[in-house]
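Biologist: Could you walk me through this fold? I'd like the reasoning behind the labels, too.

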Amino acid sequence: MSPPPPQPLTNLLPQPLNLPSFPDLFLTALSIRFIFTSSSFKSTHHVTTTKCPFLSFPLNPRRFLKIPAMSRSSPVSNPHNRSLNLNGLILLHPPRRHAFASPQSLSDWLKPRLPSDSFASWGVKPGTKNVHNLWLELSEGETSLADSTPPVRTVQVVTVRVTGKDGGILIESYQELSDGNVRKRGRPLSEKMKPGEDPESAAVRAVKEELGSMIGGEVGCVVKIDPNSYGMRVEERNSDSYPGLPGCYVLHTLNATVEGLPEGDFCTYEVDEYGDFVEKRVSDQALSVKKHYWTWVSSVDLTKP
């Protein structure tokens, strides 16, 4: 029997070590540093949280916040339902988007979640809105509803403190609605914000829609927004427009001057609040604002959106 063949000498030589390359070492070190930096950030940067679902804000925001779309037409990709940070606005477990095909489907969803007497007063009690209004708000992305009992309505609102020549502040005393009822206001010019809209753009749009019949012409030429006056706070209270429905109002405040306004009390007209909405059959059944009544005051306490 012949002996086994000799092993090749190359197999007996020491094999080269598979050491990580310099780029790999650099990326590893960078990752470790990022982990420790993130931990440090969490411990040194405070975030203000509220009881409102889905929302928390950094203290002292340094810039305008782009408002993320909250409607079912522009969903935010978040398959694991984790917290999202959108341009400084933190959404904690973003709201479930309901595909309400009609005001009736929204009504059927709300009935078991709201006190029956409160829900029955919508659009009946003077100064309140009806389910068609809420359906339009949801469809336009101006409002979101938490899937809870009762649901919580979250709204982004811009409040414009229009100042006059003598330092007075323009206040909306009351509104006249399409059903002839009058709704008391007692607050500066305010408007719900559109998805993706920043507060300054929303403020200019608000002036155009609510004061346009008085100033006329190109609004951008007569409106001056003070960006350094920006402030933001969150307020939680029951809705005046929709009795029994808790509300979370994210209030963005700006100061502005508007040329061409009267020095005394005056009234403005809103041509068609829902004129550009394609669902005309729904908007015709919603309550809309026809007239705004304004006055000047020396000071104001901003307690409502």
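Biologist: Which residue is the bridge partner of T268 in β13?

Modeller: That's H292. Bear in mind that this is a predicted model.

Biologist: What makes β12 and β13 a strand pair?

Modeller: Pairing takes at least two bridges between the strands. Strand β12 (residues 266-269) and β13 have four, in the antiparallel sense, so they count as paired.

Biologist: How do you know that β7 pairs with β13 as well?

Modeller: Same test. Strand β7 (residues 169-177) and strand β13 (residues 289-297) share eight bridges, against a requirement of at least two, so the pair qualifies. The sense is antiparallel here, and Y174 stands opposite Y293 in β13.

Biologist: Now the helices. Why is α2 called roughly perpendicular to α4?

Modeller: The axes of α2 (residues 103-110) and α4 (residues 131-140) cross at roughly 105° and come within 9 Å. The label covers 65 to 115 degrees, so α2 is roughly perpendicular to α4.

Biologist: Which residues make that contact?

Modeller: From α2 you have P103, L106, S107 and L110, and from α4 V131, H132, L134, W135 and L138.

Biologist: How many of them are nonpolar, polar or charged?

Modeller: Seven are nonpolar, two are polar and none is charged. Ser and His aren't on the nonpolar or charged lists, so S107 and H132 are the polar ones.

Biologist: What about the largest nonpolar core: which residues touch the most other members?

Modeller: L170, V207, L211 and L261, out of 24 residues in that core. Membership requires being buried, which means under 20% relative accessible area.

Biologist: Which elements supply that core?

Modeller: At least two residues each come from β6 (153-162), α5 (199-215), α6 (219-222), β10 (223-238), β11 (246-258) and β13. The largest share is from α5, with six residues.

Biologist: And what does L211 touch, leaving out residues up to four places away in sequence?

Modeller: L170, L189, A206, L261, F266, T268 and W294. Apart from this core lies another, of 17 residues, including V131, W135, Y242 and L245. V131 and W135 also turned up in the contact of α2 with α4.

Biologist: Nonpolar side chains do tend to be buried together in soluble globular proteins. How much of this protein counts as buried?

Modeller: 43% of the 305 residues. The protein has seven helices and 13 strands, and among contacts between residues at least 6 apart in sequence, 70% join residues at least 24 apart.

Terms used:
Residues numbered from 1 in each chain as written. Predicted model: local features only at pLDDT ≥ 70, side-chain atom pairs only at ≥ 80, totals over all residues. Heavy atoms only, no water. Axes fitted to C-alpha atoms, helices over the stretch in contact; angles between N-to-C directions. Parallel < 35°, antiparallel > 145°, perpendicular 65-115°, else oblique. Contact = heavy atoms within 4.5 Å. Core = buried A, V, L, I, M, F, W, Y, C linked by side-chain atoms within 4.5 Å. Buried < 20%, exposed > 50% of the residue type's maximum accessible area, 1.4 Å probe, protein only.
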